[in-house]
Amino acid sequence: MIMKAIEVRGLTHAYPDGTPALRGVDLCIQPGEAVAVVGANGAGKSTLLQHLNGLLMPTAGLVHVGGRPVTQATLAQTRSAVGYVFQDADDQLFMPTVRDDVAFGPINQGLPAQQVEARVRAALEAVGATHLAARAPYRLSGGEKRAVAIASVLAMDPAILVLDEPSSALDPAGRRRLIDLLRSLPQTRVIATHDLDLVLEVCQRVVVLHDGQVQADGAPAQLLADRELLQRCRLELPLGRATDMAQDLSEFTQVLIASRQNVSPKRLVAPGPDAAQLDALFMAAAAAPDHGELTPWRFVIVPAGKRDLLARVFASALAERDPAATGVQLEAAREKAYRAPLLMLAVARLGAAEPDIPKPERLVSLGCAIQNLLLAAHAMGYGCGLTGGQALGSTPLRELFALGDGESAVCCVNVGTVAKSKPGRIRPASQAFVSSL
Ligand code: ADP
C-alpha cells in the first residue's frame, strides 16, 4: 500500500482568542498529487496549511505527514519533509543575498558545502532565478521574491510543498512562470489560492473549504463549474474563464447574427446538413420561446424523393390561381421544389385546438424557432433562405402536407451550401425602429 503523503483526520483548530478556524477537517493526499485548497477569506485555508508543517498544532484531531504524526517531538522531520512557502515572501527571505537565502535551509540541514552549492544552483535554476543570486532579496520585484522564496524551499528538497497564495500580487508574466513551474514540480503540492484559473491549470484535485469545513473535494473542472457550490462558499467562477467566456460568447453572437443573411435557394447547393446536424438544427428550434411548452408549430421536411410531389403542387397551385399560366411559367414553378438540399415547410398551429393563445403570439414563437434554426445552420457554415408565395395557401399544398384545421403553412425554410455569396445587406439603424414612450 502506498503511504499517504498527508493524512488529516477530524482536524479542529480554535485560536487562543476562541475563534474556531477549522471544524473537523478530513483530508488525505497521495504522494505526487497537486491539491488546491480554495475558499473565501477566513474559510480556514492558512490555518489548515500551517498544520501541515507544525506551524500550528491541532486543538483536536490529528495530522500525519509521510505516515508520521505531526507533534512537537517530530517537528524537525516534519519540516524537512514539508516545505512551506509563505503568502508574503518577505516572511521567508531575510538574508543579505538571494544565494544566502536559498542556501540557508540546506546549510541548516547540515549538508556539506559542495552539496549546498548544488542545491542552490538547482533550486534557482528551477524557478528561473539564477541571475538573481547576488541580489539583495528586499530589492527584488514581487514576482522575483516569490520565485526566490520557492527556491529557498526547493533547496531543502522537501517531499511536500505547501504554498499559501503563491500567485497573489504577481504580474501576468510572473504568474505564468509560476504556473508552469508548479505544473512541472514532481513533489506533492498543496496550494491555498484564490486563483481558480491556477487551480484548473495546476491541480488534479481541489478541496473547497467553507467556515472551517470541507464542503467539496474533487476534480477542479467539475467543482469549479458548480455555480451553486461556488456561490454557497462565496467563491467566484474562475475569473479568466467567466470573463473570457462571456466576452467570447458575446462577440461570437454579435458576429453570428450580423453575418447571417437570406440566401436565395437558387444559390443553395449540396451538401446540406447531415443527420446529426439536422438534429442539432431542430434542437435549436426547440429552444425558442415555445409558449408554455405548447410548441404551436411544426416543420415538415421534403426529402429528395418527395420533391416531385411538391413540384406538382407548385404547378397545380399556379394553374388554379392563373388558368392562363404558360408552360414556361408552370415549369418555373415546378423547378422551385428542387432547389436547396434541405427544404422544409414551417407550419403554424393557429387553430382552436390549442388553448386560448392569440395567433400573433404563436407566430412569434414560430418566428423565434425559425430564427434559431437559421442561426444554428449559419453557425455550421450553411446558407439559408426563407421562401413563401401563394402556393402555401393552396388546397393541393394543404392536402400534400396534411395540414389540419387551424394549421397554416407559413414559409419554406431552405438550407444548403452557398454556391455564390453576395454582399451583406445594410441593416436599419435602431433609431428607425426603437422609440420610447
Ligand atoms: P483563510 O486562509 O481561508 O483566509 P484563515 O485560516 O486565515 O482563513 O482564517 C480562518 C479563521 O481564523 C478566520 O475566522 C480568521 O479570522 C481566524 N484567524 C486566523 N488567524 C487568527 C489568529 N491568529 N487569531 C485569531 N483568529 C485567527
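Here is a walk through this predicted model, one selection at a time.

**Stop 1: the sheet**

Start with strands 6, 7, 8, 3, 9 and 10, and colour them in that order. They make up an open sheet of six strands, with mixed pairing. Look at the edges next: strand 6 (82–85) and strand 10 (213–218) each have a single partner strand, so one side of each has no neighbour in the sheet. Going from one strand to the next, the twist averages 15 degrees.

Zoom in on the strand 6 end. Strand 6 and strand 7 (residues 160–164) run parallel and are joined by four bridges. To see one of the pairs, pick Gly83, whose bridge partner in strand 7 is Leu161. Now add helix 1, which packs on the sheet and touches strands 3, 6, 7, 8 and 9. The direction of helix 1 makes about 150 degrees with that of strand 8.

**Stop 2: strand 3**

Select residues 34–38. How many of the five residues of strand 3 are buried? Five of the five are, so strand 3 is largely enclosed by the rest of the structure. Turn on the side chains and you'll find Ala34, Ala36 and Val38 pointing one way, with Val35 and Val37 pointing the other. That fits the general pattern: in a regular strand, side chains alternate between the two faces of the sheet.

Both neighbours are worth showing. Strand 8 (residues 188–192) runs parallel to strand 3, with four bridges between them, and Ala36 sits opposite Ile191 there. Strand 9 (residues 205–210) also pairs with strand 3 in the parallel sense, over four bridges; in that pairing, Val35 has Arg205 as its bridge partner.

**Stop 3: around the ligand**

Show the ligand and select the residues around it: Tyr15, Asp17, Thr19, Ala21, Gly39, Asn41, Gly42, Ala43, Gly44, Lys45, Ser46 and Thr47. Which helix gives the largest share of this shell? Helix 1 (residues 45–52) does, with three residues. Colour the shell by class and you get seven polar, three nonpolar and two charged residues.

**Stop 4: helix 3 and its neighbours**

Move to residues 98–108, which form helix 3. Its buried residues are Val98, Arg99, Asp101, Val102, Ala103, Gly105 and Pro106. What do they pack against? Display helix 4 (113–126) and helix 5 (142–154), and you have the partners of those buried residues. Before leaving, click on Gly110, which follows helix 3 and has a positive phi, near 80 degrees.

**Stop 5: a helix pair**

Now select helix 11 (residues 275–286) together with helix 14 (residues 359–379). Their axes come within 7 Å and cross at roughly 145 degrees, and the crossing is right-handed. For the contact itself, show Ala280, Leu281, Ala284 and Ala285 on helix 11, which meet Ala369, Asn372, Leu373, Ala376 and Ala377 on helix 14. By class, this contact has eight nonpolar residues, one polar and no charged ones.

**Stop 6: Arg425**

Finish in the segment after strand 15 (407–418), where Arg425 lies. Is Arg425 buried or exposed? Arg425 is exposed, because its count of other C-beta atoms within 10 Å is 8. Draw a C-alpha to C-alpha distance from Arg425 to Asn262 as a last step: the two are 163 residues apart in sequence, and 9.3 Å apart in space.

Notes
Residues numbered from 1 in each chain as written. Predicted model: local features only at pLDDT ≥ 70, side-chain atom pairs only at ≥ 80, totals over all residues. Near = placed C-beta within 6 Å. Helix = DSSP H or I, 4+ residues; strand = E, 2+ residues; numbered from the N terminus. Nonpolar A, V, L, I, M, F, W, Y, C, P; charged D, E, K, R; others polar. Axes fitted to C-alpha atoms, helices over the stretch in contact; angles between N-to-C directions. Left-handed = near helix turned anticlockwise from the far one by under 90°. Contact = placed C-beta atoms within 7 Å. Buried ≥ 20, exposed ≤ 12 C-beta atoms within 10 Å, placed from the backbone. Pairing = 2+ DSSP bridges.
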